Amino acid sequence: NQFFIREQPIEWFRRLYRWICDDRERKKRARKHKIFINRSNEVVPMQDESGKDCLFLPFNDIKISYSVDDASFVREDFAEDKELIELLKELGAREYSKRDYVYKLLKKRYEDVDELIYATKHIFDYYCECSIPARDSFLQEYKTELNNFQWLTGYNEKEENYDEGVSNDT
């Protein structure tokens with residue numbers, strides 16, 4: 001029950017996460033269960049069904065200068081508890097990265113052209129910053145998302161057609 005989990009004190013989460021961390025199989029399964037709380041006070045999994053991380057540890061704002069959704073991060077009182085952060089790390093939690101942000105931009109459908117241009121710029125900037133091996137990894141890992149990215153396909157879901165003059169060969 002999500003209400004039950006949301007109302008538990010931090011000590012309860014420490015005990016739960018310690019118990020999970022005591023067994024490798026429990027640790028593996030726990031990431032996809034809704035036993036974590038984000039900054040919007042929602043009970044969420046650490047990973048989505050496809051295995052992508054969707055809940056992150058807080059980060060130093062200086063390291064990442066773009067905006068991110070608060071719902072992507074552990075609840076603030078969790079973030080202030082050193083023991084809880086260590087347990088979350090042991091369960092596989094990590095800091096949000098530019099690559100995570102780019103993935104989020106690739107998955108979104110845009111209705112506003114300015115948002116689409118903003119997303120395209122950040123995706124391209126990230127790609128240019130990467131080393132050649134990291135670029136290859138990025139292209140391989142996000143092949144489907146890149147092939148379906150709105151700017152590249154010219155596809156407009158609202159009109160359900162393809163823009164003229166835009167090649168769909170990828």
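**Two cores and a set of packed helices**

The protein chain exposes about 11,000 Å², and carbon and sulfur atoms supply 49% of that area. The model is a predicted one. Of the 170 residues in the protein chain, 37% are buried. Ten helices and four strands turn up in the chain, and reading along the sequence gives the pattern α-α-α-β-β-α-α-α-α-α-α-α-β-β. Among contacts with a separation of 6 or more, 54% link residues 24 or more positions apart.

On to the interior. The largest nonpolar core has 23 residues, and F13, Y17, I35, F36, F78, L88 and L91 are the ones with the most contacts inside it. At least two residues of this core come from each of α2 (10–21), β1 (36–37), β2 (43–44) and α5 (82–90). The biggest giver is α2, with five residues. Y17 shows how this part of the chain is knitted together: leaving out residues up to four places away in sequence, Y17 touches I35, F36, F78, L84, L87, L88 and L91. Apart from this core lies another one, made of 18 residues, with F56, L105, Y110 and L116 among them.

The pairing of α2 with α5 is worth a look in its own right. The two axes come within 10 Å and cross at roughly 30°, which makes α2 roughly parallel to α5. As for handedness, α2 passes α5 in a left-handed crossing. On the α2 side, the residues that meet α5 are I10, F13, R14, Y17, R18 and C21, and their partners in α5 are E83, L84, L87, L88 and E90. The spacing of such residues fits a simple rule: an α-helix has 3.6 residues a turn, so residues three or four places apart point the same way.

Further along, α8 takes part in two helix pairs. With α6 (residues 98–107), α8 (residues 132–141) packs at an angle of about 35°, the axes being 12 Å apart. This crossing is right-handed. R99, V102 and L106 of α6 meet A134, S137, F138 and E141 of α8. The other partner is α7 (residues 113–129), whose axis comes within 8 Å of that of α8 and crosses at roughly 140°. An angle over 145 degrees would be needed for roughly antiparallel, so α7 counts as oblique to α8. Here the contact is made by I123, Y126, Y127 and C128 from α7, together with R135, F138 and L139 from α8. F138 thus appears in the contacts with α6 and in those with α7.

Helix α6 itself is well wrapped. Seven of its ten residues are buried, so α6 is largely enclosed by the rest of the structure. The buried ones are R99, D100, Y101, V102, Y103, L105 and L106. Their cover includes α7, α8 and α9 (143–147). One of these buried residues, L105, also belongs to the 18-residue core.

Finally, a backbone oddity. Most residues other than glycine have a negative phi. N41 goes the other way, with a positive phi of about 65° although it is not a glycine. N41 sits in the loop between β1 and β2, and β1 and β2 each supply at least two residues to the 23-residue core. With a relative accessible area of 31%, N41 is partly exposed.

How values were computed
Residues numbered from 1 in each chain as written. Predicted model: local features only at pLDDT ≥ 70, side-chain atom pairs only at ≥ 80, totals over all residues. Heavy atoms only, no water. Core = buried A, V, L, I, M, F, W, Y, C linked by side-chain atoms within 4.5 Å. Buried < 20%, exposed > 50% of the residue type's maximum accessible area, 1.4 Å probe, protein only. Contact = heavy atoms within 4.5 Å. Areas by Shrake-Rupley, 256 points an atom, 1.4 Å probe, with all protein chains shown as cover. Axes fitted to C-alpha atoms, helices over the stretch in contact; angles between N-to-C directions. Parallel < 35°, antiparallel > 145°, perpendicular 65-115°, else oblique. Left-handed = near helix turned anticlockwise from the far one by under 90°.
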